[in-house]
Amino acid sequence: MLLAGVVVALAATAGVAWLHEIRPRSQPALQTINARAEKAQLPALTADEERFATTLWAVHREATRSAVALSFAGITYQTEDRDARAFARKIEPLARFFHDAEMQVRAMSAPPSLSKTQSQYVDAMAIYASAAAEMLKFAEDGDSQRLQVAHELDVKASEYMLRVGEVLWPGQYKPH
């Protein structure tokens with residue numbers, strides 16, 4: 001039931017965003033948007049920051065894919081499958097990935113200017129690992145409250161990843 005509500009809310013949000021994007025804009029509105037975009041530009045990364053961003057991107061690419069897989073595993077379980085063992089088999093490698101990614105990012109050498117960003121990414125990986133752990137506990141004991149906790153953790157972790165992304169890869173800039 002909760003999952004259906006989440007899916008409906010996401011669909012409604014996407015619909016509102018789509019309608020917002022296709023409506024005609026007046027010239028003053030476009031000028032306001034352009035003025036805000038110019039003010040919001042971040043300074044270019046230094047060479048050390050760029051190296052860190054590039055190194056982290058390798059983890060981020062897989063973390064993004066794994067985060068989506070974690071969410072879809074929960075959605076699939078709730079809407080289609082209902083096989084706890086198959087659910088656990090999907091979650092186990094994701095749980096390992098997030099644990100390993102946390103350790104990998106923690107071991108990276110970040111410039112002092114990005115230490116908070118690195119810490120936030122480490123926290124995101126730890127939170128995703130906790131979400132996966134809750135999902136695995138659910139597969140064992142069937143306590144559906146664990147899925148709600150996992151969902152809340154998943155949302156929190158994705159917010160952390162988005163904040164890091166806005167610092168290092170605004171608009172999902174891919175470092176080269």
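Helix axes whose N-to-C directions make an angle over 145 degrees count as roughly antiparallel. Keep that cut-off in mind, and remember as you go that this is a predicted model.

**Stop 1: two helices side by side**

Start by selecting helix α3, residues 47–81, together with helix α6, residues 145–168. Two packed helices are described by the angle between their axes and the distance between the axes. Here the angle is about 155 degrees, and the axes lie 11 Å apart. An angle of about 155 degrees is over 145, so α3 and α6 are roughly antiparallel to each other. Turn the view until one helix lies in front of the other: α3 passes α6 in a left-handed crossing.

Now show the side chains where the two helices meet. On the α3 side, select Phe-52, Ala-53, Leu-56, His-60, Ala-63, Thr-64, Ala-67, Leu-70, Ser-71, Tyr-77 and Gln-78. Their partners in α6 are Leu-147, Asp-154, Met-161, Val-164 and Leu-168. Try colouring this contact by residue class: you should find 11 nonpolar, 4 polar and 1 charged residues.

**Stop 2: a salt bridge within α3**

Stay with α3 and select Asp-48 and Arg-51. Their side chains meet in a salt bridge, with N and O 2.3 Å apart. The two residues are 3 apart in the helix, so about one helical turn separates them. How exposed are the two partners? Asp-48 is partly exposed at 43% relative accessibility, while Arg-51 is exposed, with a relative accessible area of 51%.

**Stop 3: along α3 to Glu-62**

Next, move to Glu-62, also in helix α3. Glu-62 is partly exposed, at 30% relative accessibility. Add Ala-101 to your selection and draw a line between the C-alpha atoms: Glu-62 and Ala-101 are 39 residues apart along the chain, and these two atoms are separated by 9.2 Å.

**Stop 4: the loop before α5**

Select Ala-110, which sits in the loop between α4 (84–107) and α5. What does Ala-110 touch, apart from its neighbours within four places in sequence? The contacts are Phe-52 and Gln-118. You met Phe-52 at the first stop, among the α3 residues that meet α6. Ala-53 is another residue from that list, and its C-alpha atom is 8.9 Å from that of Ala-110, although the two residues are 57 apart along the chain.

**Stop 5: a salt-bridge network**

For the last stop, go to helix α5, residues 115–141, and select Glu-134. Is Glu-134 buried or exposed? Glu-134 is buried, with a relative accessible area of 15%.

Two salt-bridge partners of Glu-134 are worth showing in turn. One is Lys-137, with N and O 3.6 Å apart. Glu-134 and Lys-137 are 3 residues apart in α5, so they are separated by about one helical turn. Lys-137 is partly exposed, at 38% relative accessible area.

The other is Arg-146, where the closest N and O atoms are 3.4 Å apart. This pair links distant parts of the chain: Glu-134 belongs to α5 and Arg-146 to α6, 12 residues apart. Arg-146 is partly exposed, with a relative accessible area of 22%.

Finally, add Asp-141 to the selection. Glu-134, Lys-137, Asp-141 and Arg-146 are linked in a network of salt bridges. If you would like to keep exploring, look for the rest: the whole structure has 6 salt bridges.

Notes: Residues numbered from 1 in each chain as written. Predicted model: local features only at pLDDT ≥ 70, side-chain atom pairs only at ≥ 80, totals over all residues. Heavy atoms only, no water. Salt bridge = Lys/Arg side-chain N within 4 Å of Asp/Glu carboxyl O. Helix = DSSP H or I, 4+ residues; strand = E, 2+ residues; numbered from the N terminus. Buried < 20%, exposed > 50% of the residue type's maximum accessible area, 1.4 Å probe, protein only. Axes fitted to C-alpha atoms, helices over the stretch in contact; angles between N-to-C directions. Parallel < 35°, antiparallel > 145°, perpendicular 65-115°, else oblique. Left-handed = near helix turned anticlockwise from the far one by under 90°. Contact = heavy atoms within 4.5 Å. Nonpolar A, V, L, I, M, F, W, Y, C, P; charged D, E, K, R; others polar.
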